[in-house]
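I opened the model today and kept short notes as I went. The entries follow the order in which I looked things up.

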Amino acid sequence: MSETAAPRASRRQALKFLSAAPMLPLGGVAFLTACGGGGSDDPAPAPAPAPAPSPAPTPAPKPNYVSATFTGMAAPALSDSAAMATTSVGSSLKISYDDGSSTDYKLAYKPFFITGDMVPNGKGGTILAGGYVDIYNQPIIDTTVPASQRQFFSDAPDGTSLLSVPGAKVDGVKGNTVFAVVQFEYTTWAQDKTTDMYGKLPSPIAVLTLDQDPATGKLSLVKYHNVDTSNVAGLWITCGASLSPWGTHLSSEEYEPNAFTAATELQFKAFSKNLYGSETAANPYNYGHMPEVTVHADGTGTIQKHYCMGRISHELVQVMPDNRTVFMGDDATNSAYFVFVADKEKDLSSGSLYVAKVGAGFSLDPAAAGAPLTWIKLGAATSAEVKKLATTLKATDIMDVKTSDPLDATYTKVFANGKTEWIKLVPGMEKAAAFLETHRYASLVGASTAFTKMEGTTVNIKDKIAYSALQNCQTSMVAGNALNDPAKGVALAKAVNAGAVMALKLQGGVKDTLGAAINSEWMPVDTKALLVGEDITADAIGNTANPAKVGNPDNLKFSEKLRTLFIGEDSGQHVNNFLWAYNVDTKALARVMSIPAGGESTGLHAVDELNGWTYIMSNFQHAGDWGAIHNNVKATLEPLISANYKNKFGAAVGYLTADPKQPALAKA
């Protein structure tokens, strides 16, 4: 074979050679063509394939939320009188993540309106914010200044719930449609500033349609809707509120009217006159119950009233995670711990009512062990059957009540609603007494009707602890006081007028005092002090409770994700009332906001996340409602507060925010 023939190896030889060689990856060789055109036995090499693209880098995972820390503000001083005369916020919130990073928010307060403002009604017109209407939904007119008659409006907005409704659609909303329900407890004065209006007007309750900006979380008012309360005989002194786990607004009716004396009491007669146009039309047994508001997708709301949860001084209630157990605040002197256990989840129309008996060891020392609680079953009922009793019975059909000792052994001495009475139950009226004369009956059967001003309640689900506010620890709680009965389990050596926040451990497997099982895993089994106010000699500005501590706690709300207990004050001992944040893990207490002097912190609702944003709802009441503690500041602050809040007739409904965006737990 010649040297020139060697390069001309046949195609067959080449394939034979390749078949004997080890196979390489497809991208590693250029294949010969199986048959070819052209004039050569050697095919042209195939073009090399493009290199495979590099895999996209895996994005770094977003950091996870770890904790929240509030940095508090100083109490405003008279040297900054403008801050004392408004909602003042100098606090901040730090959100920390698991990668070591954090986001800081400088907090601020944003009102939706001041009561007395004309706000959009969703129909192209306007409506008076906080305005009062009668049973026929007609305006109630203040005629005390004949030359300037106007519709009454409230200076006392209170319980507020922020919520969403599936499928919500309201004209005018550009972002996310969310809602707030707000109730108005009372108005302090008529226009003439001498006519006391407390408890004389039927409490209005409204649904606010809010436009939530998806980019910033900021909220703006689009529509104000008055809930028609005529089907529940109007509302009586609606105080605090809570959001049920199923998304309804649970309202309140505190200081239930005394059915034995209502017909002759000026307050109740005025209430009836303003509601019905008649001083005798209102039935006291229709008030002191638990209203529930359902918000609809169009921004309207409807209301029902539950008669089976005890007729007490309902401050607010807290539904436990089982959707059945309801722990209730009872804002009265000689109040008690009450729990309602519903027969069905998410349905408060029937169930069993219990009241606590406090065992040995009750103390306001946070280091002391908790005092045990046992539970007396008062009865079981449906709302419908109690309502029927309310509309068919008179007070004297249920029991006889004496205000002085009748020297008759068939009567029993009781302590109820800040009074000592002697009562005798009419035979067969146990159920009526349990649900319509709840305070008197609870004392009669041996409950610890011993507390003063038991205000807000809330729950820490993770730790299974409930919290309860005692605005004051005085009178009925103090040994030797005429309203104190040591047999009730509460007998303090001295008063703590500045009040306390109590912590109550929650458990299942509890039996009532007759040995019957209570169908709940969330029953309070003891009570102990968590935070205690401190009474002081008046300081230079007038405070008679230490301003560095919580004084006269009222509203309570717990945030599970922030691990924070929020506390709003209703203090006659702090010149300015405050909103506080208490971290239950670090035990750090931070002052978040200062309320205008003479006002009360109300409307508290902590919302961990709503469409990704975090909210703290907050209102205030009756700015410039002066007491003796304000003598050193009144002259300076009176003109400022009058200018800020409609001559002291207005009050704010709003929330805590930050700039440029609302706080959020997820990192952007």
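**Confidence**

I started with residues 1-41, where pLDDT stays under 50. For that stretch I found 11 contacts beyond four places in sequence. This is a predicted model, so I checked the whole chain next. Its mean pLDDT is 93. I noted that 93% of its residues reach 70 or more.

**Nonpolar cores**

Which residues touch the most other members of the largest nonpolar core? I listed Phe70, Phe112, Phe113, Leu162, Leu208, Leu210 and Tyr615. That core holds 61 residues. Strand S3, residues 102-114, gives the most to it, with six residues.

I then took Leu162 and left aside its neighbours within four places in sequence. Its contacts include Val178, Phe179, Ala180, Leu210, Leu219 and Leu243. Further along the chain, Leu162 also contacts His605, Val607, Leu610, Tyr615 and Met617. Apart from this core lies another one, of 40 residues. I wrote down Tyr307, Cys308, Leu353 and Ala434 as being among them.

**Four-strand sheet**

I traced an open sheet of four strands in the order S8-S9-S10-S11. The pairing is antiparallel. Why do S8 and S11 each have one side without a neighbour in the sheet? Strand S8 (157-163) and strand S11 (219-226) stand at the edges, and each has a single partner strand, so one side of each is left free of a neighbour in the sheet. Neighbouring strands here are turned by 25° against each other on average, direction ignored.

I looked at one pairing in detail. Strand S10, residues 205-212, pairs with S11 in the antiparallel sense over seven bridges. I picked out Ala206, whose bridge partner in S11 is Asn226.

**Gly234**

After S11 I moved on to the loop between S11 and strand S12 (242-243), which holds Gly234. Is Gly234 buried or exposed? It has a relative accessible area of 1%, so I logged Gly234 as buried. Not counting residues up to four places away in sequence, Gly234 touches Ile135, Thr229, Glu253, Leu275, Tyr287 and Lys305. I also checked Gly234 against Asp134, which is 100 residues apart from it along the chain. Their C-alpha atoms are separated by 8.0 Å.

**Aromatic pairs**

How many aromatic pairs are there? My count came to 17. I took Phe113 and Tyr224, an edge-to-face pair. The centres are 5.8 Å apart and the angle between the planes is 65°. This pair links distant parts of the chain, with Phe113 in strand S3 and Tyr224 in strand S11, 111 residues apart. Phe113 counts as buried, at 3% relative accessibility. Tyr224 is buried as well, with a relative accessible area of 1%.

Next came Phe271 and Tyr287. Their ring centres are 5.2 Å apart and their planes stand at 85°, so I recorded the pair as edge-to-face. Phe271 sits in helix H3 (residues 266-276). Tyr287 is in the loop between H3 and strand S14 (290-295), 16 residues apart from Phe271. Phe271 is buried, at 0% relative accessibility. Tyr287 is buried, at 0% relative accessibility. Tyr287 had already turned up among the residues that Gly234 touches. I followed the ring pairs further and found a cluster of Trp236, Phe268, Phe271 and Tyr287.

**Three-strand sheet**

My last stop was an open sheet of three strands, in the order S22-S24-S23. Pairing is antiparallel here. Which strands stand at the edges? They are S22 (399-402) and S23 (412-416). Each has a single partner strand, so one side of each is left without a neighbour in the sheet. Neighbouring strands are turned by 40° against each other on average, direction ignored.

I checked both pairings. Five bridges join S23 to strand S24 (residues 419-425), and the two run antiparallel. Phe415 has Thr420 as its bridge partner in S24. S22 and S24 pair over four bridges, in the antiparallel sense. Met399 has Leu425 as its bridge partner in S24.

Finally I looked at the two faces of S22. In a regular strand the side chains alternate between the two faces of the sheet. S22 has a covered face with Met399 and Val401. Its uncovered face carries Asp400 and Lys402.

How values were computed
Residues are numbered from 1 along each chain as its sequence is written. This is a predicted model: local features need pLDDT of at least 70, side-chain atom pairs count only at pLDDT 80 or more; totals for chains, interfaces and linings use all residues. Side-chain values use heavy atoms; hydrogens and water are left out. A nonpolar core is a set of buried Ala, Val, Leu, Ile, Met, Phe, Trp, Tyr and Cys residues joined through side-chain atoms within 4.5 Å. Buried means under 20% relative accessible area, exposed over 50%, partly exposed in between (1.4 Å probe, protein chains only). Contact means heavy atoms within 4.5 Å. Two strands pair if DSSP finds at least two bridges between them. Axes are lines fitted to C-alpha atoms, for helices over the stretch in contact, and angles run from 0 to 180 degrees between N-to-C directions. pLDDT is the predictor's confidence in each residue, from 0 to 100. Rings of Phe, Tyr and Trp (its six-membered ring) pair if their centres lie within 6.5 Å; planes under 30 degrees apart count as stacked, over 60 as edge-to-face and the rest as tilted.
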